[in-house]
Structure formats: C-alpha cells, structure tokens
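Reader: I've got this one open in my viewer and I'd like to zoom in on how its helices sit against their surroundings. Could you pick a helix, take me through it slowly, and then carry on to whatever helps fill in the picture?

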Amino acid sequence: MASTDELLFHISEKIDELQVQLSSSAAAARLSLQAGLTELRRTGGRLASGEVWQQAAQRWRLATAAAADRWTSLREFVSEFDVREFIETTRLLVLTEASTVHLCLLGAGFGAGLLVGYLVGRGRRVRTIRQPALMRAVICGTYEGLDGVLTVEDQPRPELVSPTEVLVRVKAATVDRVDLRIASGYGRALRRQVNRYNPHVDSELPVVLGRDLAGVVDQVGSEVTQWQVGDPVWAAVPFWRPGTLAEFVVLEEKELCRKPDAVTFERAAALPYSGTVAWNALVTQGGIGPDTAQDKRVLVHAAASGVGLVATQLLKAWGGHVTTTVSARLVPLARMLGADDVIEYDTADLEKELSLRDKFDLVLNTAGPSLHASCLRHCAETGLVVSTVEAAMPSDRFGFVLGTLYALWIRLTRLAGQVLFLPESWGTVTFSADTLAQLAALVDARELQAVVEHTFDWQDADAAFHYLARGDAVGKPVVSFRHLAPPQPVTEDGS
C-alpha cells in the first residue's frame, strides 16, 4: 500500500481536479447562454435571416457539447473516487502520524479544560453560598401606597464596603409620615439617581422604609475610631437614602450619635428624625434657638405630630411662649409638654380663636399646604412661616429629556461636592450627629421626652403604617426588632 504522504497527495490532487471540472462546466454553460442572449439583442428580438439562425444554433450546439463533455468527465472522476480508501488513509494518518507528543498535548488540553471548568464552577458555588446574609425588613415593593408596603425576611443584609462605615443592629425604628409618601413614589427620581452611586443599593425597588433608628454597633470598619461593637447609638437618614426599618443598617461613622441613656431603644427611636426636622425648622430656618427663644411667640400647628411634639418641648426648654393646635382629646398631653396656650381645632373655630390672639413671631406648619394661607394671616410682619412638610418634587414627573438633564445635574453636583469636600445633601434639612448630640443632652436632662403611643412588632409593621395613615396618631408608631432571633445562614442547597 502507498505511504500515507502519497495517499494524502493523491486525495488533494483529486480534490483540485474536481474543483477545476466544476468551474469549467459552469463557465461553458455561462458562455453558451451569453452567446444566445447577445444574438437576440443584436437582431432586436427576431431572427433576420436563416444564416443568422444557423450561426446561433451552431454556437448553442457547441456549447451544449462542451458542457456534456465536462459532465461526463466529472462523472468518471466521481466513479473512480474510492471512499473506503479515503477512510483508511485517514485512519492511518491518526495511527501513524499522531505522535506521543500530540496525544500528550491533547490530554493536557482536555485536563486543563476540566480543571478550569471545575474551578469556575466551584467559585460560582462559593459565591452562591456566600451571598449576603438575609434579614427582616419593612420595604416598599411597589409605588402603590399602603398596598406596596411589605414585611419580608429575605432582604439582603448590607455589608461594610468602606473603612469608615459602621454596621448597626437595629433594636427599634419608626414609621414617619414621609414614609407614607415614599410608598406612593415621593422622591423616586432623586432616589434613583443618587442610589446609582450607593454600593448598598442594587435597584430602584424595593426601598427599605423608615427614617430613624436606635440600636447597637454590630461591626465597624478598619478606620472607625469613635465606635466599638456593642455601643448603643441612634441616627436619622433623609428620605432619599435607604431606610432604617430593617434588622441591620450601614451608616458612616460620623452619622451616628450615642443613644441617650435615659430612654429605652423604643422611645429613643421616635426622636432622631422628627427632632432633626424640628431643630432645622426652629433654629436654621426660623432663627429661634436656645439663646434667642426668650419671649418669642410661636404657633405650632398639629402639635401631636412627631415634629410638633419635639418643637413644643424645645421651645419651652429654651424659654419661648408656645401656642399649639390639637384635637380635644390631646389637650392634656399638650399641657403636659409645656404648651402655654392650646386651641382645640376640632371643637372650636380655629380662625376665630387665632384672630383673638396676638400675631406670632414664628408659625410652624406641620400639617401641610391647606393651612399655609392661615399661617400667613396670623404671622407678624417681621415673623416667619416655616413648613416641615416636604414639598412635592417636580423631578418625579420629569419625562425623558428633563430626566436626562436632571441626572446630569445630580452627577455634576455630586462631583462638585466631592471636590469641595461638602456633605451630600438633597433637601432643606441637614442630618448630622451634632444635632443628635444636642437632642440627646436634652433627653438626658429630662427636658425632652419621647412620646410613643403604640409599639408594633416588625411583622405587624403594615398595621403601623395604617395606624399612622389614619391621621389621628400621637407622635410616630415604633417598630421593634429587639426580640428577633438572628437570621439563619444560607445553606448549600439554598434553603
């Protein structure tokens, strides 16, 4: 039998002949067709004479005969091609020409592929097992109001990503009125843009609700010096940040303040957010603080709200004169908190009662836009009207064009803040540990107390939302996480 090289050369030669024969046959047929079409065009689609017809017929016969010869040659070549000879030659090539080196390389490549596949699969398996631990939380799953509020047990637990961050185990948190608005979509555009730069947020929904917390430090970053594991702390977060109604919350070291020792976690949780908003309204916007409140006349609308309760007590602690509006059933509470003058808005003519009093140096509107005109009427010419109700955000209704420009503005503002080392703030209220420290000092001095009408277990948080939505709640409902067992770790089978 011929050598393997000879057989390979013979097969290659026959393949080349096959290609030549096919090309020649196709070219002959093409020339014949072109000749006939040329003759028809030359005669205008008709045969002018018998001589022309004879010439065209002769050309066609010649082209047909050439094509037939090529076809016969092609059939002879195919009939002579031995398939078994080709298979045998291929087998000999594998057995004789494939050396040990080739086989070793083949085995090494196959083994390397198996090893890489195993390592990749094992890595994916480890990542699956080490997915963030789960925790209980109260979330807004959709922007459908109270229908979108859910209590879940599979919310991913946040992890420290910065050396200055602190992981807080929440003991208690509260439901604020702004949470009711968040559940209906308030601030969604701003939250969507800002959270693009937040490593603790993966998507727009769900949104963890809650604005303030009281808890203990569970873990600290490598550069944290102010806090240690187990320290009792409290904090508040703005509406555009992930909320606090969860077992664990990650905050920056500078955002935390030590919890007042004089109150429980449940009572402490009711003060940080409302206290910060009230402090901002009185001191920052209203210009009335510890040193300037003496003899100032201040009207606090809806004094039984979370902000109203704190504002009334702050003003009395600073020596101001406080007039409040509350429902008849809450008059004793307003008196107990130090209100000098109490108006029952549900049993008396509010406008008439206010017109009988001197105008006020500051009117604090905690009820909403419906009272704005009345606030202006009863404010002194040199006085101020301050609203603590968040204004509607036009960005929530932006279309594609304005939304794109808004996103660009957010990005440029963040960049400028980073360059100038400015704190990130997207509202009128600045949340800081300094304000919380001053509130804590007042709590420990018994000059500020938390008023909590109802406390709910975390699984009943939806009831806390409905309770606040009724409109007659005293302060804010507290949601307790104190007695929860630690979440079970994720097992290998994902259970």
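Author: Let's begin with H13, whose buried residues pack against helix H6, residues 188-194. Keep in mind as you look that this is a predicted model. H13 itself covers residues 400-419, 20 residues in total. From first C-alpha to last, H13 reaches 29 Å, close to the 28 Å expected at 1.5 Å a residue. Now colour the buried positions of H13: you'll pick out Tyr 406, Ala 407, Ile 410, Arg 414 and Gly 417. Looking down the axis of H13, those buried residues fall within an arc of 100 degrees, so they line one face of the helix. Spin to the face turned away from that buried side and you'll find the exposed residues Val 401, Leu 405, Arg 411, Leu 412 and Val 419.

Next, try H14, which runs over residues 433-444 and has 12 residues. H14 reaches 16 Å from its first C-alpha to its last, close to the 16 Å expected at 1.5 Å a residue. The buried set in H14 is Ala 433, Thr 435, Leu 436, Leu 439, Ala 440, Leu 442 and Val 443. The cover over those residues includes strand S6 (232-236), strand S8 (257-258), H8 and H9. After H14 comes Arg 446, and its phi is positive, near 65 degrees.

Since H8 and H9 have just come up, here's how that pair is arranged. Two packed helices are described by the angle between their axes and the distance between those axes. For H8 (residues 272-285) and H9 (residues 306-317), the angle is about 55 degrees and the axes are 8 Å apart. That makes H8 oblique to H9. Their crossing is right-handed. On the H8 side, the residues that meet H9 are Ser 274, Gly 275, Val 277, Ala 278, Trp 279 and Leu 282. Their counterparts in H9 are Gly 306, Val 307, Val 310, Ala 311, Leu 314 and Leu 315.

One last stop, this time on a strand: Thr 323 lies in S10, residues 321-326. Thr 323 counts as buried because its relative accessibility is 0%. Setting aside neighbours within four places in sequence, Thr 323 is in contact with Val 298, Leu 299, Val 300, Asp 341, Ile 343 and Phe 360.

Note on methods
Residues numbered from 1 in each chain as written. Predicted model: local features only at pLDDT ≥ 70, side-chain atom pairs only at ≥ 80, totals over all residues. Heavy atoms only, no water. Helix = DSSP H or I, 4+ residues; strand = E, 2+ residues; numbered from the N terminus. Expected span 1.5 Å × (residues − 1). Buried < 20%, exposed > 50% of the residue type's maximum accessible area, 1.4 Å probe, protein only. Arc of directions from axis to C-beta. Contact = heavy atoms within 4.5 Å. Axes fitted to C-alpha atoms, helices over the stretch in contact; angles between N-to-C directions. Parallel < 35°, antiparallel > 145°, perpendicular 65-115°, else oblique. Left-handed = near helix turned anticlockwise from the far one by under 90°.
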